[in-house]
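Reader: I would like a close look at the largest pocket. Which residues line the largest pocket, and how do the residues of its lining divide by class?

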Amino acid sequence: MRRFFLIIAIISLIVGCGQSYEETKLLNKAQRLRLFREDSAALKVAVMPTLDCLPVFVAKERQFFDSAVDIRLKQFTAQMDCDTALMRHRVEGSVTDLVRAERMMKSGVDLKYWTSTNAYWLLISNRQQRINDLKHLDDKMVAMTRYSITDLLSDMAVDSAKLKHERVFRIQVNDVNVRLKMLENNEMDALFMTEPHATQALLAKHKVLMDTRKSDMQMGAFVFRVKGMDDKNRQRQMKAFLNGYNEACDSINQYGVRNYQAVIRKYYDVSEQTLKNLPDTLKFQHATPPSQKDIETAQQWLSKK
């Protein structure tokens, strides 16, 4: 008899656990569905650990975005991943450069320029290689990303030094953090970098061979998809994003980049020394579309590829 009751107890326990497991599965499914719906309804923006994204990070951290509007930042360390998220409708907007944006639009992705950014790019050579001039890039490796502003700049560097294109070996390194590590580990001869990675490289006494600030180029941008962005909810989100972005720009311009070291420390993988040496005179303008001149520069370069 005792054995009979023991069997009944074990069966009851198994049945009870089975019900609990099924209930848990249903609960998890419901939770996942709810989270999916919330994420789908939110305004999602792909960002990178580059300093032109600082106003977006500041707006998020300082609650400059309207608290009634769900704005979510999706972080990536490679521009290619941002583009993929944009093209697959995982995000509504993304930081990018004009070359990549024009290439996406050329391939059929309907995008709208929302604002240009103050991003600038430096071609930095490894100090161990004693590359002091663009002509010294002959038979050297340069880290860049294909079909991007750094690819365009690579052509400009090679042409200005009158080198043969096949004699400068362009190595695709998409991740901006990996690119910096390759310089620090002496694994690359020269690299294209933007801030804050450029400051960290310069603190290590690596040399600048090229600076886009001297070329009157403003090639950074934020873009948003056109499809699905015309309903009232999306328009309200875009207005909140615009207001928060502009307020963040004003705040950074007033107090300086270094005033936001805590924000930079959270979103950027750079040293403490870099944080203290970032260009504090860097200014951020309100949302303004890129110039037609810069757009045409990207278009003309792509047409030759």
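Author: The account below treats the largest pocket and then the second largest pocket. This is a predicted model, in which local features need pLDDT of at least 70 and side-chain atom pairs count only at pLDDT 80 or more, while totals for chains, interfaces and linings use all residues. Residues are numbered from 1 along each chain as its sequence is written, and side-chain values use heavy atoms, with hydrogens and water left out.

A pocket is an open set of points on a 1 Å grid over the protein atoms alone, where a 1.4 Å probe fits, with protein on both sides within 12 Å along at least five of seven lines; lining residues have an atom within 4 Å of a point. The largest pocket holds about 260 Å³ of space (the volume filled by probe spheres set on the points, which are joined across faces, edges and corners). Its lining consists of Lys 112, Tyr 113, Trp 114, Phe 224, Arg 225, Val 226, Met 229, Asp 230, Gln 235, Met 238, Lys 239 and Leu 242. Two or more of these residues come from each of strand E4 (111–116), strand E10 (220–225) and helix H8 (232–255) (DSSP runs numbered from the N terminus: helices are H or I, at least four residues, and strands are E, at least two). H8 supplies the largest share, 4 residues. By class, the lining comprises 7 nonpolar, 1 polar and 4 charged residues (Ala, Val, Leu, Ile, Met, Phe, Trp, Tyr, Cys and Pro count as nonpolar, Asp, Glu, Lys and Arg as charged, and the others, Gly among them, as polar).

The second largest pocket holds about 150 Å³. Its lining has 4 nonpolar, 3 polar and 4 charged residues, and H3 gives the most, with 4 residues.
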